[in-house]
Each structure stands twice: as C-alpha cells, then as structure tokens.
Amino acid sequence: KSTLLWFRRDLRLGDHPALTAAAARGTVIPVFIHDDSVANLGAAPKWRLGLSLECLGAALEAKGSRLILRRGPALEVLEELIEETGVDAVYWSRLYDGTAQERDSRVKEELGNNGIEAKSFGGHVLFEPWTVATQQGNFYKVYTPFWKSVRDREVDTPLPAPDLTAPSEWPGSEALPDWELGAGMARGESIVRRFANPGESAAQSRLGAFMAQGVDEYATRRDLPAEDGTSNMSEHLTTGEISPAQLWHAALREEKDGKAGAETFRKELVWRDFAYHLLYHTPRLTEGNWREEWDAFPWNEDERRKEVTAWKQARTGIPIVDAGLREMYVTGRMHNRVRMNVASYLSKHLMCHWLIGLKWFEDCLIDWDIANNALGWQWAAGSGPDAAPYFRIFNPETQAKRFDPDHAYIKRWIAEGQENPSKDALSYFDAIPASWGLSPSDPYPAPIVSADEGRKRALDAYENRGF
Ligand code: FAD
C-alpha cells in the first residue's frame, strides 16, 4: 500500500501520528503544497516556513525519503499526484481555522468519492477542540475552567520518528528556491536569520536546554523581557517542528522531579490549546470583535494615520512599546509581556482597531500563529472572550518600572540618546527600509500620546458608548 503524506504545519518526523500511520501501511510519499495557505502568509512567517521546509527535506533525505514540493490548489495537486503515483491513501494532520477546515472537508469528500482513503489525524493541539466541553455541553469561553478541565488529562506519549519506505519511483518536485518564500522580507533576511532557529533537531535541543536550565525558574522569570526566561518554543510550535505533546510530557517529567516552573509552563501551553479551542468553535476570532458589542466602539480604522505609522515604525515615544516593536522587527519575535503592552497601547491609548496590529504582527513574527495572535489581540483590546476588562488599561510606564526596572530591555532595543547603543539597538536601523528616514542619532521622540492622556481618552470613549 502507498500513502501521500500531506505536510502542512506539522514539519517534523517525531510524534507525528499521520506519518506513523502512513509508514505502517507501506510506501510513503511526503508532499508539501504551496497553495493559498502559503501564498497568503505574511512576509516573516512565509520566510520562516521556507527554512523549516529546507530542514524537513534534509531530515527526510537522511531517512532515504524525500519531500515533494508542488504548487497549486491543494485538491488539484493531490489529484494529480494520486494519478501519477497510484497511491490509495492521503493522510494529514488536522488544522482548526475556518479556511483550512473548509478546504480539508472538501478534499476528504472528493478523494473519498474516488475511492481514496483520505484521513486526518491529531497532533497540532493537545486536546481536540470538540473533546473539551463544559458540564452543559458548551465550549469554554474562559481560560481558568478550561485549564482545570484538562490539567490532569492523559496526553498520548509522543511517538518516535518512524522508518520510511520509499517508492520505487519518485514523482517530480519543484525546487524550494523557485518559490522565493523570502521575497517579502524587505526587513533584511540576514538580520532576522541570526535569531531564527529552524528545524526539528534545533527545536529538540532548545527544549532539552530549557528543561535542564530554564523551567525551574520559569514562573518567576517569564515576565521579565530582559531575560531569556521563556522556552522560545513558539517558532517551532507554529511550524510544527515540535509537537505540544512533546512539550507537555517533557514538562510533566520535570514536574515530577519537583521543578517549580513546570506546571506554570504547562498552563501557558494550555493557553495555546485554548486559543485553538476558541478558533475552532468561533472562526470569527480572527476576523473581528469576538464580542459584537465592540463593533460600536469608535476604533480608528485608517491605517494611514500618523499614529499607526509611528507605532509600526517603533517611534511612539513610549520606550517599552518602541523597544518591543523593534525587537519584533529585528528578531521576528517579541516577549509576551511586551506584546501585551504594545497591543494595549495601539488599541487603547491610540484607539486604533486591533486588527491593524494583528496584521502587522502577522507580517513581522516568525512565530506567527493564527490562533494565538488573534486571541492575544482580542484579549489586549478587550473585545475577546475572557479579555481583560477595557477599563483595566495597561500603563506602559508602570509596566516598564515593574518588569524592566533597570531598563536593560529598553536599552537593548532603543539606540537614540545612548552613548554606546547596543548592537541589537543599532541593527534595527540596518533592518528598516531607508524610506522610513530614521537614524540612531535622531533624538528619541516625545510620546505621540502620553500614558495618562491616552488612558483618559480611551476611558471617555468607553464610557460615552455606555459600555
Ligand atoms: P513560553 O512562555 O515559553 O510559553 C510556551 C508556549 O506556550 C508558547 O510557545 C506558546 O505556544 C504558549 N503560550 C505562552 N503564552 C501564551 C499566550 N499568552 N497565548 C497563547 N499561547 C501562549 N504566540 C504565538 O505563538 N504566535 C503569535 O502570533 C502570538 N501573538 C500574540 C499577540 C499578542 C498581542 C499577544 C499578547 C500574545 C501573542 N502570542 C503569540 C502569545 C505569546 O506572546 C507567545 O506565545 C510567547 O511570547 C512565545 O514565547 P515562548 O515560546 O518563549 O513562550
């Protein structure tokens, strides 16, 4: 028997239920399809995907297999490959956003009608979204009860990478460089490349180091942006270079060994599952205010406003906000505490629609994740389920004092006004387009909207609307 393994956001060989099942049937032909789900990615995630595909291709070759690359609408490409290779099954790992669900249902139905076994498997989340329900049988809208309902659940033990049997003849493949996945990286691929860590084996080494050194203090250090106190697993999870079950089990082992931060780490991992749970049950999570009453809020929706440009170019004059936006532009990542501040400042102090920020993150983050990004923005803006109430407005000055007391993080990313700016702070100016006209010798700007003024304006707008 012979199976097409359709890789999507599961670019690994270990703990891959679909791949293991395909390998158990006989010959496996791994394929990745450049369809709309790739064409529509933002610049940084698309570029990062290319690095991941390169690693997956090499890992498959080391096992005597290959990664076949094809471009086109998924169903058409799969039908062509079925015709060319004579496989009798197509296996893949499930995705949970509305667009992927619709496409995959159609693929399943069409292939099934033609006598092909079309089967989807788990692996992208810990708990399938339909298996977690409240006592009334509804989905969860609040995180804490969601966590309580899953914290003691069994998660399948991660599977080893299977041996793969190659077909006697391989179908043709396109060449990865021809896809030009990095074409949109105007921000300087080589700069972000210093910070990306692609591939399954890199993910495993990083996980090992974090569990050995970082997890014990995770609960106390995870909120300090100047420290390397978090796992950095997000770029691996979003590409599927590692599975959440592998992280869960690694953390459980440390928890049994008495490591203090291990349960907190599992809790954060469950935020990711919660985001997918919400996305699956309410696909509109990515599209607009989850709480529809927020449609009446006077959001600024014009992306050309000068406040939006200042925010994107990281010169709002609020150091913690600018530092975060610069970190993202240079590294493709941003510390979670700072993401919350940056998002709160755009949606509350500047009263700009959170979708503008969501899209900017989507273009800049190498760990962009459809569910986490949407939940993060809705949470920060106050429009989401389980969101911080609108009137609890982050004060970026107090936040900086509390979480970056020595200004180590701010100094790392803001060059202006410093005698000896750090290499990272200067690299921001190498990364940005010349057309922005910014220089490290410019004076640091005054706040476009100060912490107090923004807070007052946002609260007035909120109260005037009778929220
Ligand atoms: P760790 O602290 O080591 O956590 C381990 C894993 O748990 C993370 O990799 C992630 O998968 C999950 N996790 C941790 N915190 C959260 C959270 N608040 N929500 C959901 N899952 C979480 N995360 C992304 O992966 N991609 C995004 O595009 C993204 N956009 C965000 C946008 C905003 C406005 C906000 C406030 C948060 C966003 N997050 C996003 C969540 C969070 O900031 C990142 O997951 C985290 O910073 C990644 O770093 P880490 O892997 O070192 O995290």
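Two strands count as paired if DSSP finds at least two bridges between them. In this predicted model, that definition applies to strand 1, where Phe7 has Phe32 of strand 2 as its bridge partner.

## The strands at the start of the chain

Strand 1 covers residues 2-7, and five of its six residues are buried, so the strand is mostly covered. Strand 2 covers residues 27-34 and is joined to strand 1 by six bridges, with the two strands running parallel. Between them the chain passes through helix 1, residues 17-25, and the resulting β-α-β crossover is right-handed.

Strand 1 also pairs with strand 4, residues 89-93, through four bridges, and this pairing is parallel. Here Thr3 is the residue that stands opposite Ala89.

A general point helps in reading these strands: side chains in a regular strand alternate between the two faces of the sheet.

The UniProt record, an unreviewed entry, places the feature "domain: Photolyase/cryptochrome alpha/beta" at residues 1-126. In the model, this span is 48% helix and 22% strand, and its end C-alpha atoms lie 30 Å apart.

## Ile116 and its contacts

Ala89 comes up again in connection with Ile116. Ile116 is in the loop between helix 5 (98-113) and strand 5 (117-121). The C-alpha atoms of Ile116 and Ala89 are 5.2 Å apart, although 27 residues separate the two in sequence. Leaving out residues up to four places away in sequence, Ile116 touches Ile82, Asp88, Ala89, Val90 and Leu111. Ile116 counts as buried because 20 C-beta neighbours lie inside 10 Å, and the cut-off for a buried residue is 20 or more.

## Domains

The domain assignment divides the protein chain into domain 1 (1-123), domain 2 (125-155 + 199-281) and domain 3 (292-464). The centres of domain 1 and domain 2, taken over C-alpha atoms, are 25 Å apart. Each side gives 16 residues to the contact between these two domains. On the domain 1 side, the residues that touch domain 2 comprise six nonpolar, four polar and six charged ones.

## The annotated binding site

The unreviewed UniProt entry carries a "binding site" annotation that covers Tyr218, Thr230, Ser231, Asn232, Met233, Ser234, Phe265, Asp367, Trp368 and Asp369.

Ser231 is in the loop between helix 9 (218-221) and helix 10 (234-239). Not counting residues up to four places away in sequence, Ser231 touches Phe210, Gly214 and Phe265. Of these contacts, Phe265 is also named in the binding site annotation.

Asn232 lies in the loop between helix 9 and helix 10. Its phi is about 60 degrees, a positive value although Asn232 is not a glycine. Most residues other than glycine have a negative phi.

Ser234 is in helix 10. With neighbours within four places in sequence left aside, Ser234 is in contact with Asp367 and Asp369. Both of these aspartates are covered by the binding site annotation.

## Two further residues

Asp15 is placed in the loop between strand 1 and helix 1. Asp15 has a positive phi, near 45 degrees, and is a residue other than glycine.

Glu327 lies in helix 14, residues 319-331. Its C-alpha atom is separated by 8.0 Å from that of Tyr428, which is 101 residues away along the chain. Glu327 touches Met334 and Trp413, not counting residues up to four places away in sequence.

## Burial of the residues discussed

Which class does each residue fall into? The table lists the number of other C-beta atoms within 10 Å for the residues not yet classed.

| Residue | Other C-beta atoms within 10 Å | Class |
|---|---|---|
| Asp15 | 23 C-beta atoms | buried |
| Ser231 | 23 C-beta atoms | buried |
| Asn232 | 17 C-beta atoms | partly exposed |
| Ser234 | 18 C-beta atoms | partly exposed |
| Glu327 | 24 C-beta atoms | buried |

The classes follow from the cut-offs: a residue is buried at 20 or more such atoms, exposed at 12 or fewer, and partly exposed in between. Ser234 is therefore partly exposed, with 18, and Asn232 is partly exposed because its count is 17. Glu327 counts as buried because it has 24 such neighbours.

Conventions. Residues are numbered from 1 along each chain as its sequence is written. This is a predicted model: local features need pLDDT of at least 70, side-chain atom pairs count only at pLDDT 80 or more; totals for chains, interfaces and linings use all residues. UniProt positions are given in the numbering used here, feature names are shortened, and annotations may be inferred rather than shown by experiment. Two residues are in contact if their C-beta atoms, placed from the backbone, lie within 7 Å. Domain bounds come from an automatic or database domain assignment. Ala, Val, Leu, Ile, Met, Phe, Trp, Tyr, Cys and Pro count as nonpolar, Asp, Glu, Lys and Arg as charged, and the others, Gly among them, as polar. A crossover is right-handed if, with the strands pointing away from the viewer, the path from the first strand over the helix to the second runs clockwise.
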